[in-house]
Amino acid sequence: MAGTGHAHLRLDDPNILLRVRDLVVEFPAGKGQVVHAVSGVSIDLARGETLGVVGESGCGKTTLGRAVMRLEDAQSGTIEFRDHDLFGLGGSELAVKRRDMQMIFQDPVSSLNPRRRVRDLVREGLEIWGNESGPFSDARVEAILAAVGLAGESVGERRPHEFSGGQCQRICIARALVMDPEVLILDEPVSALDVSVQAQILNLLEDLKVEFGLTMVFVSHDLAVVRNVSDRVMVMYLGKVCEVANTERLFDAPAHPYSRALLASIPGHELNLPDASTLISGELPSPIEPPSGCRFRTRCPMATEECAEREPELREVAVGQFVACHHA
Amino acid sequence: MAVVDAPTSRTGDRAPGFGRPSMGFIFWLSVTWILLVVLAAALADVVPLRDPDALGVRTGEIERFETPGKNAWFGGDGQGRDLFAQVIHGARPAMVLSAAVTSIGGSLGVLVGVVAGYFRGRTDSVIMGVAEIMFAFPAIILLFAVSAVWGMTMAILIPAMAILAVPGYARIVRGVTIALAERDFVDAARAMGASRSRVVIKELLPLVALPAIAFGFLGFGLVIATEGALAFLGLGLEQRTWGSLIAGGQGLIREAPHLALIPATAMFLTIMAFNYVGDGIRELIDPRPIVVGRKRKADGHDPAISAASDALLSIRDLTTSFPTAGGTVTAVDGVSLDVRTGRSVGIVGESGSGKTMLLRSITGAFPVLGVQRTGRVVVDGTDLLTASPAQRSTMLGTEIGIVSQNPLTALNPVRTVGSQLIEVMRVHREISKAAARARAIESLAQVGIPQPDQRVDMYPHQLSGGMRQRVTIALALANEPRLLLADEPTTALDVTIQDQILRLLSALCEQRDMALVLVTHDLQVVRGWTDDVAVMYGGQIVEAGPTAAVFDDPQHQYTQALLASTPRLDLRPHSRLAAIEGQPPSLVAPPPGCRFAARCTIADDRCRAEDPMPVQIRDREFRCWYPGTGKVT
């Protein structure tokens, strides 16, 4: 599989906040070759929904999130955010249009400038956008810090190294929230945290989602975490979409062979799936020369000649479940 | 405690106390000296000194070539001028010149370096190309040319030397900037809408300022020395400087050695002082965590894991501690554990729980110095803590195999997979190269590497992450150990590869009747792949037993809390997780009573005062005053 297509896009839904179509991101790999990081991926996000994006290293999930934020330049595609196409924009125009999208990164410690005080870090967005200074912004910074569970007089005066990893992630979330964003793109936000802290942050995100009316893209390799936070899940493999489905549907009845292999690999799972070793074989092909047709075919036990010749398109196999596979 | 699980990449939820490293005597002596020189430069006209130009031969106050003494502290020169006054007055041009050159050259260099390092690409190539050319050109010759054309005054020398200083700063700052620009906070600022110039000014400049200032102090010394060299060659400033004093005194080094030596000493001490202060500031740049607390007395407590007679690995009352700036960290505190042949034991815990140090305490390989171990670590009848080094290394090569978290660092990047396997085999046994090679191919096949006869001649970088981890397993198994120690062996791997590696380890255990100790932060890995589990918290094993039993019916409140905080596949999406509030205890000064009491929802005064007695019920054990559902005792 690993195919393209738009069957999963909800074209008539007036609640769609962000719609990405046929996004292609390629990185130069020297000698005129390119890494096909994201190859024609489409997503849409309904207001208030959390889209989980899962897949293994090299599947393009992080690049997808960064490209939507325009932190990576896409080769082609459209990124419609509230009826504005962000794709061709640059400079200040882009900054204005993208203001309502914010991003949270994997490593909270590296995401904070170590020399700056927490108050200044959180106030950064307000300063950039000009409505800084004065008691209004101070009050807002305090309120946001309290909302992420960092209340207290002295918090704002301290610097990142005085905080633990979990607390740093709270600061990062506060910094994003101060901008009053509509969409939050989270790239592995809890992967660097211990289990007990991870739970704190996941609960916090659920609370903030309601309180601030957030719509989220949650990129993660951890399937249990994604199941917990997502309304809809997209499975990616080697720059392509394998499957998009409502969370429970995906975990109860994964239809794409790669989704099945991925779920069967979760240690200690009790899902009704055969051993992962029977569902996937071999190694990840090079993203410089991805396989023809379905990109998963070289590792798929169900692959046939058709899979090499023709790329499968996403199609609906059950209500709310879209799969790009000739055999699913 | 920040150091305990340093090799893993996870950050726990604890905020260690931070402090500055103490700077030491020489640093403060240097600071004092610099302050004295600065005072001398500033106040030379104000303090009651003799006139440096007054000729002693006329006034009769100082004789020709008077030696240093009570009358004139530094003696007099050929015309009886007071050398002390001359040296004090000479401090001013030294300070003015180096301050001006360093601040002008430094600021320009920092700006150029940040721009080159942040924008990269063509900007970078052009800037660094010019810098390289300037580096290649000998500075002193350039200064000769400048002085030949325009003469040598401050107004000429300052800009000339400042321009020459720019590439040095630029190069250092560019390096720092490149490293910083890869960190996420730059992306975070961009995502928030910050312009590139704002990123440079607000995010990067403050961070490169400190390294630049450190370099600036070194530069200060260099400017003073360069001026000295110019003066020595007769091309110095037209006014009186230390350099001109030395140049003037050098011809009389036999008759009146103090004339050259005293200003030279002043110059030498000043340059040294700037260098020391620069080095000191450089050490300040990284605020290192220092755990604050007091030393805690050793606790000879004997916990109650029973001595199974057939245990291959038997750990008894193991305590591992090491000194840090904040006090002695007791990373492993009175741990006892038995691992029988053919069993796999998962040691699970969060960052700072001591799980990695426990594993390292078995092999004795530590990432820090000064580690002390007490207790017993017996493998197949040999106590590794009291064994001779030779005995220990034989045990490590043959009885015990080790698989680490990062296969890339465990393998030598410049040697083929095969040569590393062959070496490991030939160190511990008599075997011909050809036979060892055949065995190497066989062992690669055993760990599931396809085409082992080709892969044997490959280098680690030619293999995927999963294949590399298979190679480290093959290396660990090369001498057929009976005990395999694995530290987060799949943490760096993708989930489908993790499944393959854990499946392999589990199969090998069974086939070879090998014991496996698997250290991990991942409860699900333990649940899916080990027979027994030991849960660690605050350096202690708080609960141990068969994996299925512990996961189905956890007794210790921490185990329960840990399981409840883990996202599960059988919960509905958006289920609230039971997070554990608070932070793990300090390992320098752990609280009395139960280590988990401060974060436990049902802890009472007893928990906070008394160490829970270890309880053993059949094959399970735990140390908790209110096990199971709580206070029904």
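Reading an interface, a cavity and a domain layout

Student: Before anything else, what kind of model is this?

Tutor: The model is a predicted one, and side-chain atom pairs are counted in it only at pLDDT 80 or more.

Student: Then let me begin with the interface: how many residues does the contact take from chain A and from chain B?

Tutor: Contact here rests on heavy atoms within 4.5 Å, and by that reading chain A contributes 77 residues while chain B contributes 64 residues. The area buried between the two chains comes to about 5900 Å², with carbon and sulfur atoms giving 49% of that area. On the chain A side, the residues that lose the most area to chain B are A:Arg115, A:Asp194 and A:Pro267, which together make up 11% of what that side buries.

Student: How many salt bridges does the rule find across the interface of chain A and chain B?

Tutor: A salt bridge requires a side-chain nitrogen of Lys or Arg within 4 Å of a carboxyl oxygen of Asp or Glu, and the rule finds nine across this interface. B:Arg576 pairs in this way with A:Asp207, their closest N and O atoms lying 3.0 Å apart. For polar contact between chain A and chain B, the count is 27 residue pairs, with both residues at pLDDT 80 or more.

Student: How many cavities does a search of the whole structure find?

Tutor: Rolling a probe the size of a water molecule over the atoms shows where empty space is left. In this structure the search finds 14 cavities of 30 Å³ or more, and the second largest holds about 80 Å³ of space.

Student: Which classes of residue line that second largest cavity?

Tutor: Its lining has 10 nonpolar, two polar and no charged residues, and includes B:His556, B:Gln557, B:Phe596 and B:Trp625.

Student: Finally, how is chain B divided into domains?

Tutor: Domain 1 covers 25-284, whereas domain 2 is assembled from 322-335 + 343-387 + 490-633, and the centres of these two domains of chain B, taken over C-alpha atoms, are separated by 57 Å.

Methods
Residues numbered from 1 in each chain as written. Chains lettered and ligands numbered in written order. Predicted model: local features only at pLDDT ≥ 70, side-chain atom pairs only at ≥ 80, totals over all residues. Heavy atoms only, no water. Domains from an automatic or database assignment. 1 Å grid on protein atoms, 1.4 Å probe; cavity = no way out; pocket = protein on both sides within 12 Å on 5 of 7 lines; lining within 4 Å. Points joined across faces, edges and corners; volume = space filled by probe spheres on them. Nonpolar A, V, L, I, M, F, W, Y, C, P; charged D, E, K, R; others polar. Buried area = accessible area lost by both parts, 1.4 Å probe. Polar contact = N/O pair within 3.5 Å; in protein donor to acceptor, adjacent residues only side chain to side chain.
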